[in-house]
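Colleague: I am new to this structure. Could you walk me through it, one question at a time?

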Amino acid sequence: MKEYILKTAQSGFAVGEAFLLKDGGSGSDSPKAAGDESARLDSAVSSLRQELASAAEKAKGENAGIYKAEIMMLEDPNFIGEAHALIEKEGLDAKTAVERAGRSVIEELSASGSAYLRQRTDDVKGLTDGLLRILRGEKQKGLSSPSVLIADELSPAELSGLDDSLLRGIVTVKGAPSSHVSILAGNLGIPYLYGSVEAVASIRSGDRLILDGEKLTVNPDDEAFQAAAQRYDAMAKMEREEKKPASGEKSRTRVCANITGPQDIEALLASGAEGVGLFRTEFLFMDRETAPTEEEQFQAYRSVAEAMGEKQVVIRTMDIGSDKKAEWLKLPPEKNPALGCRGLRVSLGNESLFRTQLRALLRAAVCGNISIMLPMVISLWEVDAVRQLIEKVAAELTAEKVPCKIPPLGVMIETPAAVMIAEELADKAAFFSIGTNDLTQYTLALDREAQGLERYYNPCHEAIFRMIETTVEAGHKKKIPTAICGELAANPAAIRRLIQAGIDELSVSVSKVEEIRSRVVETEKSLLEEEETDTVASPVDGQLVPMQDIPDPAFSSGTLGRCFGILPDNGSIFAPCSGTISEIAETKHAVTISDETGKSVLIHVGIDTVSLGGKPYTIYGKVGERVKEGQKIMEADLDMIRSAGLSPMVIVVRCA
Ligand code: PEP
Ligand code: MG
């Protein structure tokens with residue numbers, strides 16, 4: 001038994017057998033004696049036959065027949081017999097022999113006059129690949145028992161290509177909590193440890209592993225392994241039983257979910273999410289040999305939209321590039337891929353690919369409440385270019401009589417440039433969603449996957465909070481909502497500050513929706529209680545106007561502090577709290593009262609009345625004078641204000 005302490009990308013508890021993703025090498029082996037190579041080949045054929053037989057057993061109907069036909073083909077002497085002959089006559093190693101024999105059978109079948117035989121070339125190719133995989137020492141991609149995935153480094157495509165129902169944990173040498181692999185692991189609710197060359201090097205395929213917090217145990221004794229397995233089963237059972245329907249307690253801040261495809265629908269519906277805040281569509285483009293067709297994409301978007309009914313589904317256009325590679329796209333290698341062709345840049349640089357995605361999105365928009373969201377925006381022209389393309393695509397679909405709809409277009413705020421031009425972007429966007437993972441990377445000048453620099457990658461850095469506040473402010477000023485869909489949305493240490501910033505929505509991994517919703521409900525309650533113990537009286541009789549409806553952005557944006565308005569019945573203004581008059585405006589339309597704790601209240605009478613030179617106002621009191629709550633401090637001539645065409649609204653601000 002060996003124990004290691006690793007770094008935690010996703011914390012948790014798991015038990016399983018080691019599954020080495022990249023085991024053995026590729027290329028030809030140096031051939032051993034012909035007898036050895038023939039025996040290797042026989043053993044590989046027998047393993048593949050077993051795999052196919054067990055797949056046939058699990059499959060139903062037509063699919064079972066396909067596997068059985070493949071087993072028969074595996075026994076065809078033209079293929080395996082030829083490989084044996086090559087080993088014996090030409091002294092080839094088993095892998096090269098299989099490759100050569102496979103190629104020659106495929107050539108023969110392709111040249112055949114029979115359509116049936118020509119169609120069998122795919123089967124032979126599949127069998128050749130299967131044998132080569134086994135000869136290379138790699139297991140089948142689908143896991144066959146509860147497993148912990150072991151790799152030096154893992155790409156999102158490699159992870160999403162695995163059967164996640166049996167995946168219990170991940171251990172890699174290279175990793176980072178904010179990497180896309182880590183985000184995927186979080187979505188699946190599985191622990192992920194990284195950072196030890198020694199630990200990974202010591203693990204052999206099939207070793208028994210326990211992941212517990214930051215501790216990795218390799219090959220514990222039987223008793224410890226059984227106890228851990230029982231603990232795991234008990235925890236999984238408890239989790240299933242605890243999956244009660246959402247409490248129904250609603251928060252003001254919406255809590256939505258991040259997904260990567262239709263495979264998440266079941267968990268999404270069970271999570272109680274109020275919508276999908278981020279559908280990372282790039283996962284539909286990865287781990288495959290060609291781009292997904294329009295129809296394939298349409299079905300994926302439609303199925304999520306239909307499952308969510310009236311609830312919002314925000315679908316982000318493909319954010320390919322950097323660590324999310326689509327090999328078939330053959331993007332040229334870059335020195336700094338995170339600063340290169342990524343996200344919207346890939347889409348705008350590959351117009352036909354992008355048009356296909358937009359066509360699928362516009363068609364799916366008819367089936368539910370879909371919005372489109374753009375990743376990695378830095379400039380206004382990018383949004384204009386996409387909108388123009390959307391309009392073209394809509395016209396094209398309409399001409400083809402294909403039902404379609406143009407959905408709202410939102411922008412991700414994940415670069416400092418987007419934050420700085422948020423006000424202008426808000427004129428072009430229906431909503432914002434802040435991608436704090438990338439915003440942290442680009443603001444702190446730190447690759448989100450940098451190794452050994454975790455202490456510098458701090459999404460709770462004051463700079464990030466200020467960027468969020470700036471974005472929310474700009475959005476609200478232009479009356480569009482702002483969400484957070486990066487990992488910060490699920491960080492308990494950040495929730496209070498995010499709610500105080502006025503964020504409208506938090507979108508988190510499906511497995512965290514319930515936990516975050518209850519934290520948000522609690523936080524909102526406690527903030528409300530604090531506000532209630534901090535009340536001020538109304539300075540005048542009249543009709544209450546909520547902050548967001550005050551017709552002056554300086555107040556309605558909340559920049560000056562929490563405030564409310566009153567449409568006054570008369571001009572007698574009273575102190576809304578006790579304190580000292582700390583300021584009287586030169587044009588007498590505003591008085592500030594401060595208390596001993598330094599908190600102050602501004603009473604602002606009329607909107608934009610400076611031009612009246614103070615004529616409508618009489619102040620009772622001087623700066624430095626104490627006043628009591630309810631004491632008259634001003635008389636305002638409301639008729640004079642109204643007859644100048646101005647609003648006499650009284651605004652009370654709890655100064656920030
Ligand atoms: C982000 O950057 O915060 C984000 C949500 O996008 P992704 O993690 O997919 O880059
Ligand atoms: Mg991002």
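Colleague: Which residue lies over the face of F13?

Modeller: This is a predicted model. A charge counts as over a ring when it is within 6 Å of the ring centre and within 35 degrees of the normal. Here the distance to the ring centre of F13 is 3.8 Å. The residue over that face is R231.

Colleague: And which residue lies over the face of F298?

Modeller: The distance to the ring centre is 4.1 Å in this case. The residue over F298 is R363.

Colleague: What is R363 linked to in the network of salt bridges?

Modeller: R363 belongs to a network of salt bridges. Its other members are E294, E295, E351, R355, R359, E396 and E400.

Colleague: How many salt bridges are there in the count?

Modeller: A pair counts if a side-chain nitrogen of Lys or Arg is within 4 Å of a carboxyl oxygen of Asp or Glu. By this rule the count comes to 35.

Colleague: Which residue forms a salt bridge with R100, and is that residue buried or partly exposed?

Modeller: The closest N and O atoms of R100 and E90 are 2.8 Å apart. R100 sits in helix α4 and E90 in helix α3, 10 residues apart. R100 has a relative accessible area of 33%, so it is partly exposed. The partner is E90, and at 48% relative accessibility E90 is partly exposed.

Colleague: Which donors does the protein give to the magnesium ion (ligand 2)?

Modeller: The donors lie 2.0 to 2.1 Å from the ion. One is in the loop between β13 and α16, the other in helix α18, so the pair ties together parts 24 residues apart in sequence. The donors are E414 (OE) and D438 (OD).

Colleague: Are E414 and D438 buried or exposed?

Modeller: Buried means under 20% relative accessible area. E414 has 2% relative accessibility. D438 has a relative accessible area of 2%. So E414 and D438 are buried.

Colleague: Which residue forms a salt bridge with D438?

Modeller: The closest N and O atoms are 2.8 Å apart. The partner sits in the loop between β11 and α13, 96 residues from D438. It is R342.

Colleague: Which residue in the loop between β11 and α13 forms a salt bridge with R342?

Modeller: Both partners lie in that loop, so the pair ties together parts 23 residues apart in sequence. Both are buried. The closest N and O atoms are 2.8 Å apart. The partner of R342 is D319.

Colleague: How does the aromatic pair of F279 and Y301 sit, stacked or edge-to-face?

Modeller: The count comes to two aromatic pairs. F279 and Y301 are 5.8 Å apart, centre to centre, with 80 degrees between the planes. F279 is in strand β10 and Y301 in helix α12, 22 residues apart. Planes over 60 degrees apart count as edge-to-face, and this pair is edge-to-face.

Colleague: Where is C485, and what is its relative accessible area?

Modeller: C485 is in the loop between β15 and α20. Beyond its neighbours within four places in sequence, its contacts include N258, M412 and S507. C485 is buried, with a relative accessible area of 1%.

Colleague: What percentage of the protein's residues are buried?

Modeller: The protein has 23 helices and 26 strands. It exposes about 30,700 Å². Of its 656 residues, the buried ones make up 49%.

Terms used: Residues are numbered from 1 along each chain as its sequence is written. Chains are lettered from A and ligands numbered from 1 in the order in which they are written. This is a predicted model: local features need pLDDT of at least 70, side-chain atom pairs count only at pLDDT 80 or more; totals for chains, interfaces and linings use all residues. Side-chain values use heavy atoms; hydrogens and water are left out. Rings of Phe, Tyr and Trp (its six-membered ring) pair if their centres lie within 6.5 Å; planes under 30 degrees apart count as stacked, over 60 as edge-to-face and the rest as tilted. Helices (H or I, at least four residues) and strands (E, at least two) are DSSP runs, numbered from the N terminus. Donors are N, O and S atoms within 2.8 Å of the metal (3.2 Å for Na, K and Ca); water is not among the atoms, so sites may look incomplete. Buried means under 20% relative accessible area, exposed over 50%, partly exposed in between (1.4 Å probe, protein chains only). Accessible areas come from the Shrake-Rupley method with a 1.4 Å probe; for residues, only the protein chains shown count as cover. Contact means heavy atoms within 4.5 Å.
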